[in-house]
Each structure stands twice: as structure tokens, then as C-alpha cells.
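The following exercises concern helix geometry and the packing of nonpolar residues. Each task is followed by a worked solution.

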Amino acid sequence: MKSFNGRVAAITGAASGMGRALALALAREGCHLALADKNSQGLEQTLTLVRASTLAPVTVTTQVLDVSDRQAMQDWAARCAAEHGQVNLVFNNAGVALSSTVEGVDYADLEWIVGINFWGVVHGTKAFLPYLKASGDGHVVNTSSVFGLFAQPGMSGYNATKFAVRGFTEALRQELDLQRCGVSATCVHPGGIRTDICRSSRIDANMTGFLIHSEQQARADFEKLFITDADQAAKVILQGVRKNKRRVLIGRDAYFLDLLARCLPSAYQALVVLASKRMAPKPRRPVFETNDESRL
């Protein structure tokens, strides 16, 4: 797919971050849009920005939905095809983060992140795939993470979902190559992208004193890792679609961590443990009171 002009793209997580940046970039190229997010206010803001950013006659529809809801996703896909006449691209971009130890993580939090990060991708792929095939020229773009290539402590739930998206998408791509159906797939592995994921993330209390000093400090440190802006990320993703890449890395941090995991596929874990120890809160030494007064 060398051009997006006149095509139709469905984007989840379109209320902010990479989803919004993708919508704006595609609209400027004359691509019609079907935008979805759980955040109705942010979605309306994206719609306003899209309309202001292009003079081309671009059709934009919006839908407030939860990507973890299978039926809602199937209904949305059918509605997109009916309203736009066809669908050529789906960007399964919606995602959240969760920080917790494996021992202490609550099952409800695990179900929450798996529902959005993994099942949301599965629902979006399966719901739209028949319409992409019917278009004769389609592309599935699934957002994993650099932490779908490289694991870290305190992020087991996030790592699990992003590794799962990677495996799911790579298997999908191979099947599509075998079928020669006019549809392809790309897995995206962003590093630190300046989005709203930090504000929407959940940080369990069991992380305090283990790997972080406080939730406030952890969120501040987390945002310092966001070194690539969302507009640049969208540009890299769309270039990857044009080149029909199987995997797209975004940011120098993603390239570095990918290289580290390739060169040291198991030994990198020891390096992460060492770095985590150096950065973790230091236990306070007990203070013992002394009485130096002379005894009579």
C-alpha cells in the first residue's frame, strides 16, 4: 500500500497519543477515518483537530467503545464498512500499562490489561479482517511495544500482553503471506513515546519500596523515558506500512533494547536486575539511640 489517499482506516485509541497522530497524518494524505476510543471527550478533540488539519474531502466517523468488548468491536467493524463502503486499514493501537509484582498483582488488574492490550488487538484483527480482504488491498497494524521484545521486572502483565501481540501478529502475517489475499500485517514496537499512557496506567502499592520510591516519583520518572513524540511515531509507522515491513521499531531506545535482547537473549536479564538494584530505593539503616552520659 503505497498511498493512503481515498483509503479507509479504522483506528483504536484515537483520543490521544499515537492514535490521534495517526489520524491526523492519514487525514492529511486524504484517507477517510473511523476513529474509536473509550474517552469520548478526547475523541471529540481528535475529530476537531482532524477537520482543521485538512482541506481534502475526508469522511470521519467516531465511536465510543471499549476494545475489550468483543461484540462492540464486531458491531463497530460492521458499522465502519457500512458507513464508509470499505475498510483498508485497521490500527489496533489502544493500550494501557500496569506496574506490579507477579506475587502481588491483583487478578482484576491482570484481566483489565489483558482485555485491552491483547484481546483488544485480537478483537480488532478478527472483526476487521473479512472487510480488509473484501477491499482487496488491506493492512493490519498491531501495536506491541519494545517490551514485547525485552522484559523488565515489575511489568509482568504489560510484558505478557505485548509479547502476546508480537506472537499473534507474526503468526497472522505468515498466514496472510501464504493466503496471498491482498492483506498484510505489521507489528509495531515503540520505545518511549510521549502519550497519555502514563496517566492512564495503574501502579500497585507493592511496587513502593521495591522498585520505586513513590507512585508520584514513578510516574515522573516514567515520563522522562518518553523521548519520541507521537507525530514522529506516526510517520515511522506509516512508512513501515508503505514498505510492508513485518516489524517496525520506533525510537533509538527501541533499537538499543532490541539489539541488546538479540545479542544477549538470556544474559540481558542479569543486566536488568543489576540496573534495577542500583535504581531501587535503598533500605534505611536503623538508628540506634545511645546514652553517652557517664554512669555513677
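**Exercise 1.** Which elements are included in what covers the buried residues of α3?

*Solution.* The model is a predicted one. The cover includes the strands β1 (8-12), β2 (32-37) and β3 (60-64), together with the helix α4 (107-135).

**Exercise 2.** Compare the expected span of helix α3 with the distance between its end C-alpha atoms, and locate its buried residues.

*Solution.* Step 1: helix α3 holds 15 residues (residues 70-84), and at 1.5 Å a residue it should span 21 Å. Step 2: the end C-alpha atoms are 21 Å apart, so the expectation and the model agree. Step 3: taking under 20% relative accessible area as buried, one finds M73, W76, A77, C80, A81 and H84 buried in α3. Step 4: viewed down the axis of α3, these buried residues fall within an arc of 135 degrees, and therefore line one face of the helix.

**Exercise 3.** Describe the two ends of α3.

*Solution.* Step 1: at the N-terminal end, D69 acts as the cap, with a side-chain oxygen 3.2 Å from the backbone nitrogen of Q71. Step 2: just after the helix, G85 adopts a positive phi of about 90 degrees.

**Exercise 4.** Which residues have the most contacts inside the largest nonpolar core, and which element gives the largest share of this core?

*Solution.* Step 1: the core has 42 residues, and W76, F128, L132, V140 and F150 have the most contacts inside it. Step 2: α4 supplies the largest share, seven residues. Step 3: a second, separate core of 34 residues includes I11, V58, L89 and L238.

Methods: Residues numbered from 1 in each chain as written. Predicted model: local features only at pLDDT ≥ 70, side-chain atom pairs only at ≥ 80, totals over all residues. Heavy atoms only, no water. Helix = DSSP H or I, 4+ residues; strand = E, 2+ residues; numbered from the N terminus. Expected span 1.5 Å × (residues − 1). Buried < 20%, exposed > 50% of the residue type's maximum accessible area, 1.4 Å probe, protein only. Arc of directions from axis to C-beta. Contact = heavy atoms within 4.5 Å. Polar contact = N/O pair within 3.5 Å; in protein donor to acceptor, adjacent residues only side chain to side chain. Core = buried A, V, L, I, M, F, W, Y, C linked by side-chain atoms within 4.5 Å.
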